[in-house]
Amino acid sequence: MTAIHPTAIVEAGARLGEGVEIGPFCLVGPEVELGDRVKLYSHVVVTGHTSVGAGTRIFPFASIGHPPQDLKYAGEASRLEIGRDNIVREQVTMNPGTEGGGLLTKVGDGCLFMVGAHVAHDCRVGDRVILANNATLAGHVQVGDQAIVGGLSAIHQFVRIGAHAMIGGMSGIEHDVIPYGLAMGDRARLSGLNLVGLKRRGYSRAEIQGLMAAYERLFDGEGTLVERVARVAESYNAFDTVRDLVAFVQADSSRALCQPRAGHGGR
């Protein structure tokens, strides 16, 4: 049964699923779709062409779906799609897309957005991603499944964060971070692999050792990056993690690859 607090405003045209709860002083716009069991705690605004998947919970003072912070935006009918079973904490902001990014911002399932996190226009956020307090994604950022972005970190526009990567707190990320990578620091550099995350997620010792060897060969080996990637792809093709790494490095990107400091390669 849907429950709407008498102080909430749900504009005509909004579509509400079964078991939706809308708390005090919330505002739901006319083009919003809330899936089954979505809960807005209080003082939440969801507006624009926004859909929120089943079971997602949005906490007080979150602002979801307002126009993007892009001076090129001209009012085009862009969308924000938020998946299932997400937790969106206080003061989180998420914006829809722009014409320059396919008119869509998309968030996957099972993510946690801690207090003050920001998802800008045209971002693509995978499943089970964590953005810690005040982590910020600029426009057109891609974040792979189960990546973690530490608190007070800022991700530059068009950057890609690979699946299972870990971004240390208070980092400035201006280059692509490989899957399973660990990056940190002002103008961040790679600091190795997210070994703790790999172990917690059940990767075998053989898979982790293969990835470590591939990482060292990729960043410490001789030759150009293209040549090193080719050697890694040939030598470690048996490992899913390495195939993910190779595909990421070979994909088109407008950003350079985040690298270790000179001489730190696989360590």
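**View A. The open sheet of 8 strands in the predicted model.** In this predicted model, the strands of the open sheet follow the order β3-β6-β9-β12-β15-β18-β21-β24, and their pairing is parallel. The sheet is bounded by the edge strands β3, covering residues 15–16, and β24, covering residues 160–161, each of which pairs on one side only.

**View B. The pairing of strands β15 and β18.** Strand β15, made up of residues 104–107, runs parallel to strand β18, made up of residues 124–125, and the two are joined by 2 bridges. Within this pairing, Val-107 has Val-125 of β18 standing opposite.

**View C. The surroundings of Cys-123 and Cys-258, with a count of 0 disulfides.** Because a disulfide requires two cysteine sulfur atoms within 2.5 Å, and the closest cysteine sulfur to that of Cys-123 belongs to Cys-111 at a distance of 12 Å, this pair is too far apart for a bond. Cys-258 is likewise in no disulfide, since the nearest cysteine sulfur, which is that of Cys-123, lies 18 Å away. As for accessibility, Cys-123 is buried with a relative accessible area of 0%, and Cys-258 is also buried, with a relative accessible area of 1%.

**View D. The two assigned domains of the protein chain.** The domain assignment places residues 3–140 in domain 1 and residues 198–250 in domain 2, and the C-alpha centres of domain 1 and domain 2 are 36 Å apart.

Key. Residues numbered from 1 in each chain as written. Predicted model: local features only at pLDDT ≥ 70, side-chain atom pairs only at ≥ 80, totals over all residues. Heavy atoms only, no water. Domains from an automatic or database assignment. Buried < 20%, exposed > 50% of the residue type's maximum accessible area, 1.4 Å probe, protein only. Pairing = 2+ DSSP bridges. Helix = DSSP H or I, 4+ residues; strand = E, 2+ residues; numbered from the N terminus.
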